[in-house]
Amino acid sequence: MTAWCRIRGDAGPVVAARQNGHLQPARAGGRSVADLHPFIRGELGVADVTFGAPIAPSDAELLAPMGSFPRNIFCIGKNYREHALEFTTSGFDSSGTAAEDLIPTAPIVFSKPFTSVIGPGDLIDPHPHLTSMLDYEAELAIVIGRGGRDIALADALDHVFGYTIVNDVTARDRQRHHRQWLLGKGMDTFCPMGPAVVTADEVDLASTVVECRVNGELRQKAPVADLIFDVPTLIRDLSAGMTLVPGDVIATGTPAGVGIGFDPPRFLRSGDEVAATIEPIGTLTNRIG
Ligand code: MG
């Protein structure tokens, strides 16, 4: 029943609950809690911690809600119909352009190295020596709580700790050139995450909407209900024969309205601000360095 953030404290990162717009540092056993993993693993709950004095968001530096990851971030490609169409018709999709590839018949899974994760407010490195086609993708991301393998559809949501926002930043030229997507999407700073992980009981997937603004202009807006492969299906398919572990993150895919969806494409430039909003998680804002 909580929105968990991580903020920079005097002695390192501190987990804080966001309540009524303020951040309240969590303490367990007389000490601050440095990372969200004890909560994700179920070793700590709200009842096990005490909260320090509220801090105004303007007085806190938000960090990515998790400080470490068990492995790379799982990502789903082309998981909204309108985005699948805009991507395939843009000419940047070298993974398959036949008619039968337009709308996937099974989840397309790739990953972003965890070294690409940055927090709210951190600068996205435009890597100008490597790409001139920088793009944004606002996405709802699942944080796995209880791990498991061969998870049944009916049990899938029981394995969700909560949800956060990921911006699946992409170098479109590298994505196209290398065919596999990891290099174009895995560069350092290409995985902004946050501002919070909101526990699953506070997120109603039936009414959740993904929005993305670039310099204040609304570019993406779609309900999560439009996902081709929904959250339970993704957990079932990813866990088939492969154990999911606590703290795994699954970015569920981006809606239509990315830069290559425009003609001509509208790529990001230094100084641009990308703001991805999913309530009740909040808004993840990052600027291009
Ligand atoms: Mg994506």
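# Report on a predicted protein model with a magnesium site

Thr208, setting aside neighbours up to four places away in sequence, makes contact with Val203, Ala222, Pro223, Val224, Ile278 and Glu279. The model described here is predicted. Thr208 itself sits in the loop between strand E14 (191–199) and E15. Its relative accessibility is 3%, so Thr208 counts as buried. The side chain of Thr208 also reaches the backbone oxygen of Asp204, at 2.7 Å.

## The four-stranded sheet

Strand E15, which follows the loop of Thr208, belongs to an open sheet of four strands. The order in this sheet is E16-E15-E18-E19, and the pairing is antiparallel. The edges are held by strand E16 (217–223) and strand E19 (282–287); each has a single partner strand, so one side of each is left without a neighbour in the sheet. From one strand to the next, the twist averages 15 degrees. In general, strands of a sheet pair through backbone hydrogen bonds, in either a parallel or an antiparallel manner.

Within this sheet, strand E15 (residues 209–214) and strand E18 (residues 273–278) run antiparallel and are joined by four bridges. Val214 stands opposite Val274 in E18.

Beyond the edge strand E19 comes a segment in which Gly289 is found. Gly289 has a relative accessible area of 39% and is therefore partly exposed. Apart from neighbours within four places in sequence, Gly289 is in contact with Leu123, Ile124, Pro126, Ser270 and Gly271. Between Gly289 and Ser68 there are 24 Å in space, C-alpha to C-alpha, and the two are 221 residues apart in sequence.

## The magnesium site

The magnesium ion has three protein donor residues: Glu137 (OE), Glu139 (OE) and Asp168 (OD), at 2.0 to 2.1 Å from the ion. Their spacing along the sequence is E-x1-E-x28-D. Glu137 and Asp168 link distant parts of the chain, being 31 residues apart. Glu137 lies in the loop between strand E10 (134–135) and strand E11 (138–144), whereas Asp168 lies in the loop between strand E12 (160–167) and strand E13 (170–171). Why do Glu137 and Asp168 count as buried? The limit for a buried residue is a relative accessible area under 20%. Glu137 is buried because its relative accessible area is 5%, and Asp168 is buried because its relative accessibility is 0%.

## Helix H5 and the nonpolar cores

Helix H5 (residues 231–238) is mostly covered, with six of its eight residues buried. The buried residues of H5 are Val231, Pro232, Thr233, Leu234, Ile235 and Leu238. Their cover includes strand E7 (73–77), strand E8 (108–112), E11, E12 and strand E17 (249–251).

Ile235 of H5 also appears in the description of the largest nonpolar core, which has 52 residues. Together with Ile142, Tyr163, Leu244 and Ile250, Ile235 is among the residues with the most contacts inside that core. Ile142 touches Val160, Gly162, Tyr163, Val231, Ile235, Asp248, Val249, Ile250 and Thr252, when residues up to four places away in sequence are not counted. Another core lies apart from this one; it has 34 residues, among them Ala28, Ala141, Trp181 and Val258.

## Backbone features

Most residues other than glycine have a negative phi, and most peptide bonds are trans. The table lists departures from both patterns.

| Site | Backbone value | Location |
|---|---|---|
| Gly194 to Pro195 | cis, omega about 0 degrees | Pro195 in strand E14 |
| Asp263 to Pro264 | cis, omega near 0 degrees | Pro264 in the loop between E17 and E18 |
| His127 | phi near 45 degrees | loop between strand E9 (117–118) and E10 |
| Asp150 | phi about 50 degrees | loop between E11 and E12 |

The two residues with positive phi in the table, His127 and Asp150, can also be described by their accessibility. His127 has a relative accessibility of 10% and so counts as buried. Asp150, by contrast, has a relative accessible area of 48% and is therefore partly exposed.

Methods:
Residues numbered from 1 in each chain as written. Predicted model: local features only at pLDDT ≥ 70, side-chain atom pairs only at ≥ 80, totals over all residues. Heavy atoms only, no water. Donors = N, O, S within 2.8 Å, 3.2 Å for Na, K, Ca; no water. Helix = DSSP H or I, 4+ residues; strand = E, 2+ residues; numbered from the N terminus. Buried < 20%, exposed > 50% of the residue type's maximum accessible area, 1.4 Å probe, protein only. Pairing = 2+ DSSP bridges. Axes fitted to C-alpha atoms, helices over the stretch in contact; angles between N-to-C directions. Polar contact = N/O pair within 3.5 Å; in protein donor to acceptor, adjacent residues only side chain to side chain. Contact = heavy atoms within 4.5 Å. Core = buried A, V, L, I, M, F, W, Y, C linked by side-chain atoms within 4.5 Å.
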